[in-house]
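Colleague: I'd like to learn how to read a model like this one, feature by feature. Can we start with a single residue and work outward?

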Amino acid sequence: MKPTVHFNHQQAKDLLHNKYVVVLGDSIQRGVYKDIVLLLQKDVYLTSAQLKTKGEEVFENDRLLEGGRLGRMSNGTEYREVREYSSDHHCVRFYFITRVFSDYVESIFEEIREGMKPDLVIVNSCVWDVSRYGRVWEADYMENLTSFFRNLRLILPDDSLIIWNVTMPLGEKIIGGFLVPEIAEIGPMLRFDIVEANYCSATLANTYGLDVLDLHFQFRFNLQHRMKDGVHWNAVAHRRITCLLLAHVAQAWGVELLPSQPPTGLNTSFSETAPQGIKTIQPRKAQKQASSWRSNQRWANYYPPPPPPPHWLPPPPPRYFAGCYGSSAVSDHDQGPLPGWERPWRPPMMCHSGPYYANYQDFSSDAATWDAQYYEPQSFHINGVPTPPRYTHGGQVGPRARRKKYSKNQYRPY
């Protein structure tokens, strides 16, 4: 994977010059909006207080247009927050949504249809969709995604760039504000639902011609930058998200980027250092390679396949069994296989892939002419797996071996 392209304040200003950017999503996308607004003004990181605060009236010269502290602050699905940062040559707006398609999202589309068309749209909605609207979320989520992508394509011009951010990895223990006590029991399983939802959303976004930025893949080995609540990420992670987004935008718009030095605490490996005042959690040790825990080969694989039967063996009678314990094979002159309780006694030395005779008389007459060398222990097998010898006493091996006689006080192995 190529190292992340780092953007400084001047490069971000030049790339988004005279551009209108719209960000839609949850608290993670609000952090994306805040980091873009901060980078457009200066080369610093977001503080922990800025990342945690929601609904404030002013953030770095932006303004709260709707919701937040102007309305009712809550952790419910009815929470709203609309923010906008505007300058002489930049305009960035953020909409907080709790569902990818709803009546509120339709009102946003109507506002975009009647107003200025954005040049760049950054959107994600997943965690709230799969957790706050019922456990059976697949059908509704897919239907809402389809409606969202279709309507968004209808109201935006063809030259508008739409980027769907794939949801970032969640922790096993979640203490997020969206996870109210009523649904706290689904917290440990939510990270697996996110993986399935990411696949559905990315596939549909690609079908409708949207650009997909897989943040789940990008941050799968950088979990030390995730907060203790298991959902949100620190300022270093948000700066890298901004760099990934701007690099994708530059490539889509055909802008050639000049090399730049990363800001303090953010290097090409991303996960080694962090700015002062930002605490990171050490990542877990990497798992062992797959070859170290691969299961051993089966015991049967160490033995050669059974030898073919000799060409001089007589043909089998009409009724015979194809395998040692397999199903019966019936010829054209036979009416059917014998029932299970009428099957004749089977000699031990016939445990091989050859024919199974219906009566012992046929076997005895044919066995008299057979050479004993074809009944060595290696030739007795069941489906390719050698069977252990029946009797091994007295040094003889095979079905016809006799037991060894022992004295009165001698140890008997059986």
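Modeller: Sure, take Leu 51, which sits in helix H3 (residues 48-52). Helices here are DSSP runs of H or I with at least four residues, strands are runs of E with at least two, and both are numbered from the N terminus. Keep in mind that this is a predicted model, where local features need pLDDT of at least 70 and side-chain atom pairs count only at pLDDT 80 or more, while totals for chains, interfaces and linings use all residues. Residues are numbered from 1 along each chain as its sequence is written, and side-chain values use heavy atoms, with hydrogens and water left out.

Colleague: Is Leu 51 buried or exposed?

Modeller: Buried means under 20% relative accessible area, exposed means over 50%, and partly exposed is in between, using a 1.4 Å probe and protein chains only. Leu 51 counts as buried because its relative accessible area is 18%.

Colleague: And which residues does Leu 51 touch, not counting those up to four places away in sequence?

Modeller: A contact is a pair of heavy atoms within 4.5 Å. For Leu 51 the list is Gly 31, Leu 46, Met 227, Trp 233, Asn 234, Ala 235 and His 238. You can also look at C-alpha atoms: those of Leu 51 and Ser 27 are 8.9 Å apart, with the two positions 24 residues apart along the chain.

Colleague: What does the chain look like overall, in helices and strands?

Modeller: It has 10 helices and 12 strands. Of its 414 residues, 44% are buried. Among contacts with a separation of 6 or more, 68% involve residues 24 or more positions apart.

Colleague: Now the rings. How many aromatic pairs are there?

Modeller: You describe a ring pair by the distance of the centres and the angle of the planes. Rings of Phe, Tyr and Trp (its six-membered ring) pair if their centres lie within 6.5 Å; planes under 30 degrees apart are stacked, over 60 edge-to-face, and the rest tilted. That rule gives 11 aromatic pairs. One of them is Tyr 33 with Phe 94, stacked at 5.8 Å centre to centre with 25 degrees between the planes. This pair links distant parts of the chain, with Tyr 33 in helix H2 (residues 27-39) and Phe 94 in strand S4 (residues 90-96), 61 residues apart. Tyr 33 is buried at 0% relative accessible area, and Phe 94 is buried at 0% too.

Colleague: Why is the pair of Phe 96 and Trp 128 edge-to-face?

Modeller: Because their planes stand at 90 degrees, with ring centres 6.1 Å apart. That pair also links distant parts: Phe 96 is in strand S4 and Trp 128 in helix H5 (residues 127-131), 32 residues apart. Both Phe 96 and Trp 128 are buried.

Colleague: Which residues do ring pairs link into a cluster?

Modeller: Phe 101, Phe 109, Phe 148, Phe 149, Trp 164 and Tyr 208. A look at Ser 201 brings in two of these names. Ser 201 lies in helix H7 (residues 187-207) and is buried at 1% relative accessible area. Leaving aside neighbours within four places in sequence, Ser 201 is in contact with Tyr 141, Leu 145, Phe 149 and Trp 164.

Colleague: What about a charge over a ring: which residue lies over the face of Phe 217?

Modeller: The test is NZ of Lys or CZ of Arg within 6 Å of the ring centre and within 35 degrees of the ring normal. Arg 220 lies over Phe 217, 3.8 Å from the ring centre. Arg 239 does so over Tyr 45, at 5.1 Å.

Colleague: Last one: how many salt bridges does a search of the whole structure find?

Modeller: A salt bridge needs a side-chain nitrogen of Lys or Arg within 4 Å of a carboxyl oxygen of Asp or Glu. The search finds 13. One of them joins Lys 34 and Glu 56, at 2.9 Å from N to O. Lys 34 is in helix H2 and Glu 56 in the loop between H3 and S2, so the pair ties together parts that are 22 residues apart in sequence. Lys 34 and Glu 56 are both buried.

Colleague: Which residues are linked in a network of salt bridges?

Modeller: Arg 30, Asp 62, Glu 81 and Arg 83. Within it, the side chains of Arg 83 and Glu 81 meet at 3.2 Å, N to O. Arg 83 is buried at 0% relative accessible area, and Glu 81 is buried at 0% as well. Now look at Glu 78 and Arg 72, whose closest N and O atoms are 3.0 Å apart in their salt bridge. Glu 78 is partly exposed at 43%, while Arg 72 is exposed at 61%.
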